[in-house]
Amino acid sequence: MQNAEIILTKNRVLEKMKLLLEEVQHKQTAFVWENKLEDEIFKVSPKISKGENYLGLPYLILDYPRQASEHNFFFIRTMFWWGNFFSCTLHLARDSKRIFKDKIINSYSSLSNHYISINADAWVHHLKEPDYLKIKSMTTEQFGKSCENFDHIKIASRHSLEEWNKSPSALFEDWKLFLYVCGLIS
């Protein structure tokens with residue numbers, strides 16, 4: 001508690017990670033504009049938010065697209081989680097799950113290096129067993145059942161913090177892959 005440098009270092013790291021997420025956000029919004037994507041889910045502006053306590057650690061989140069209503073839930077969430085990883089997560093529920101589920105199930109091979117949530121709690125983000133499984137460890141039938149089992153579908157990528165300088169491009173590519181598997185881009 002007598003070493004202010006710890007907090008100052010934390011603040012500098014979080015500011016750099018915010019700039020990193022802003023770079024990803026810029027790539028996303030430029031892609032939507034350049035490709036004239038007019039789906040309703042792109043109407044709400046991206047949002048970067050921060051928190052101090054996901055399993056005791058700080059985090060930053062970029063949500064885009066982000067659509068939440070009584071009837072629909074479609075988010076692609078890019079996350080920096082202190083001491084753990086970067087991730088990009090496709091999170092669908094309600095109408096979006098119903099609309100995109102079959103396309104996602106048919107994208108098993110494209111998603112094989114990603115993780116799928118197998119937890120009924122849609123707000124678990126740590127990407128560890130027993131709450132998540134690597135898709136390539138599953139059969140196509142198991143993957144399909146996992147897409148059916150809960151009121152949500154969550155598919156996520158994970159990137160090492162050690163490769164932070166490569167993460168904006170990797171996270172942007174994950175984001176585009178999620179749009180592709182949903183059939184929103186070709």
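## Strands, backbone details and a pocket

Strands E3 and E4 run antiparallel and are joined by 10 bridges. This is a predicted model, and the pairing of its strands makes a good place to start. Within the E3–E4 pair, Phe80 stands opposite Phe86 in E4. The two strands form a hairpin with three residues between them, and Gly83 in that turn has a positive phi of about 75 degrees.

On to the other partner of E3. Strands E2 and E3 pair in the antiparallel sense over eight bridges, and here Arg66 stands opposite Phe75 in E3. E2 and E3 also form a hairpin, with three residues between them.

How many of the residues of strand E3 are buried? The strand covers residues 72-81, and 10 of its 10 residues are buried, so E3 is largely enclosed by the rest of the structure. The cut-off behind that reasoning is simple: a residue counts as buried when its relative accessible area is under 20%. In a regular strand the side chains alternate between the two faces of the sheet. In E3, Asn72, Phe74, Ile76, Thr78 and Phe80 point one way, while Phe73, Phe75, Arg77, Met79 and Trp81 point the other way, and all are buried. Arg77 is thus one of the buried residues of this strand.

Strand E4 also pairs with E7. Nine bridges join E4 to strand E7 (residues 152-160), and the two run antiparallel. In this pair Thr89 stands opposite Ala156 in E7. E7 is paired with E5 too, in the antiparallel sense over two bridges. There, Tyr115 has Ala156 in E7 as its bridge partner, so Ala156 is a residue to look at from both strands: it faces Thr89 and Tyr115.

Next come some backbone angles worth checking in your viewer.

| Site | Feature | Angle |
|---|---|---|
| Tyr64 to Pro65 | cis peptide bond | omega near -10 degrees |
| Glu129 to Pro130 | cis peptide bond | omega about 5 degrees |
| Arg94 | positive phi, not a glycine | phi near 55 degrees |
| Leu127 | positive phi, not a glycine | phi about 60 degrees |

Where do these residues sit? Pro65 is found in strand E2 (residues 57-68), whereas Pro130 lies in the loop between strand E5 (115-117) and strand E6 (132-134). Leu127 has its place in the loop between E5 and E6, and Arg94 belongs to strand E4 (residues 85-94).

Is Leu127, with its positive phi, buried or exposed? Leu127 counts as buried because its relative accessibility is 4%. Arg94, at 43% relative accessibility, counts as partly exposed, a class that lies between the 20% and 50% cut-offs.

Finally, the largest pocket. Its volume is about 150 Å³. Which residues line the largest pocket? They are Val13, Lys16, Met17, Phe80, Trp82, Gly83, Phe86, Leu161 and Trp164. Helix H1 (residues 4-34) gives the largest share of the lining, three residues. By class, the lining has seven nonpolar residues, one polar and one charged.

The pocket also leads back to the E3–E4 hairpin. Phe80 and Phe86, which stand opposite each other, are both among the lining residues. Gly83, the turn residue with positive phi, is in the lining as well.

Notes. Residues numbered from 1 in each chain as written. Predicted model: local features only at pLDDT ≥ 70, side-chain atom pairs only at ≥ 80, totals over all residues. Heavy atoms only, no water. 1 Å grid on protein atoms, 1.4 Å probe; cavity = no way out; pocket = protein on both sides within 12 Å on 5 of 7 lines; lining within 4 Å. Points joined across faces, edges and corners; volume = space filled by probe spheres on them. Helix = DSSP H or I, 4+ residues; strand = E, 2+ residues; numbered from the N terminus. Nonpolar A, V, L, I, M, F, W, Y, C, P; charged D, E, K, R; others polar. Buried < 20%, exposed > 50% of the residue type's maximum accessible area, 1.4 Å probe, protein only. Pairing = 2+ DSSP bridges.
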